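This report walks through strand pairing in one protein chain. Keep the structure open while reading.

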Amino acid sequence: MRRSLLFALSLSLLTVSGCLVYAGEPEPPGWQPGVEVELSFFYDALSPYGDWLWVEPWGRVWTPWDVEPGWRPYTHGRWVYTHLGWTWIAEEVWGWAPYHYGRWTYEPFYGWIWIPDTVWAPSWVAWRHGPGWIGWAPLPPRARWVVGVGLDLDGLDLDLVLEEHWWSFVPERDFLAPRVWHRLSPPPRNGFHLRETRNVTRYEELARHVAVHGIDVDELERRIGRVERHVLEDLDRPPRRAEAVEREAVRVYRPEVREEPGGEARRTRPAPPPDAGEPPSPAVERELRRRQEREERDLAAWEEAQRRALERLQREERRKPPQETSEEAIRERQDEERRALEREVKRQKDVLRNRREREEKEPPKTRRAVPRKPPPGR
């Protein structure tokens, strides 16, 4: 009897803390109209949706749970044009923060990680545009916004520092699709798109706000037809999925974020050693095993789907080769695309293996929680 009560109590505590169930859309403490928050506000706000890790040289960073193989930032959602330029509307319930503050980068051990920052923007991406195609990729962490100056790339050449697998490319006609994820070109084709497009990244300061103008909206209208203009409206909380875009308004949550005392030094201070902790409960162990098995199945299914999609595209291309392109050139490019897919599969497998090793070593207090999949229709 005592053993059963202890098990029930442990399970209840884990469930409340978000370890065993999907947390829905909790509202972090302190969300009030017009209230400034400190950078640490993000830690509580995003904890129900991912892991906070310590990664040098960035310090404290965040990585999301429940993203499928091949996921990358700025893919699950849509682009809209507002008075501050191209604005990303995310499908993820946590998207109000990592797509509008801070920067993303890819770490081979952890996968995609987000580095917090204090400045809000409609999006933080690099842009490319070329014949019939538009592409974007997360700006690297060293790209900083300087008030009165603009976007400071710290001497970086975006064509060199942004890797091929960071990019998302879509046909111009599909750029404004409500769920652009379904219209993206297969990632192994990114090398071809990068050669065919040019860098058009452009930011400016407008009334003390960041404005994003990478793709010329007037030029795009001449190619695809009318582009709706929207006005940003502020909410005192993140918008529900159905209310983010309504007619001429785009509703956003963008609190004023300030550094904590100690600022950058505090964020990048060496992390304390982890607690030894107690061994994980049998319930947590079982749930971890089930999720790990599911992730392996998802990765195998994703790999097969990507391979079939690429083969189908390449067969069609060989039947109707582009004008002024030799068969040899097509064959060489398609070989490179197959190698690019192999590299991407290896990246995904490495991240999955590293995550499992990390979970086996971490104490219960800092173990990765196991949320359920969100409800259908997300």
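In this predicted model, strands S4 (residues 77-82) and S5 (residues 85-90) pair over 6 bridges. The sense is antiparallel. With 2 residues between them, S4 and S5 make a hairpin. One bridge in this pair joins Thr-82 to Gly-85 of S5.

S4 also pairs with strand S16 (residues 229-234). Here the two strands run parallel, joined by 2 bridges. Thr-82 appears again, now opposite His-230 in S16.

Is strand S4 enclosed or open to its surroundings? Buried means under 20% relative accessible area. In S4, 5 of the 6 residues are buried, so the rest of the structure largely encloses this strand.

Now a second group of strands. An open sheet is formed by 4 strands, in the order S12-S9-S8-S13. Its pairing is antiparallel. S12 (168-171) and S13 (198-199) are the edge strands, because each pairs on one side only. Strand S8 (residues 125-130) is joined to S13 by 2 bridges, in the antiparallel sense. In that pair, Arg-128 faces Asn-199 of S13.

The three pairs compare as follows.

| Pair | Sense | Bridges |
|---|---|---|
| S4 and S5 | antiparallel | 6 bridges |
| S4 and S16 | parallel | 2 bridges |
| S8 and S13 | antiparallel | 2 bridges |

Both senses rest on one kind of contact: strands of a sheet pair through backbone hydrogen bonds, either parallel or antiparallel.

Conventions
Residues numbered from 1 in each chain as written. Predicted model: local features only at pLDDT ≥ 70, side-chain atom pairs only at ≥ 80, totals over all residues. Heavy atoms only, no water. Buried < 20%, exposed > 50% of the residue type's maximum accessible area, 1.4 Å probe, protein only.
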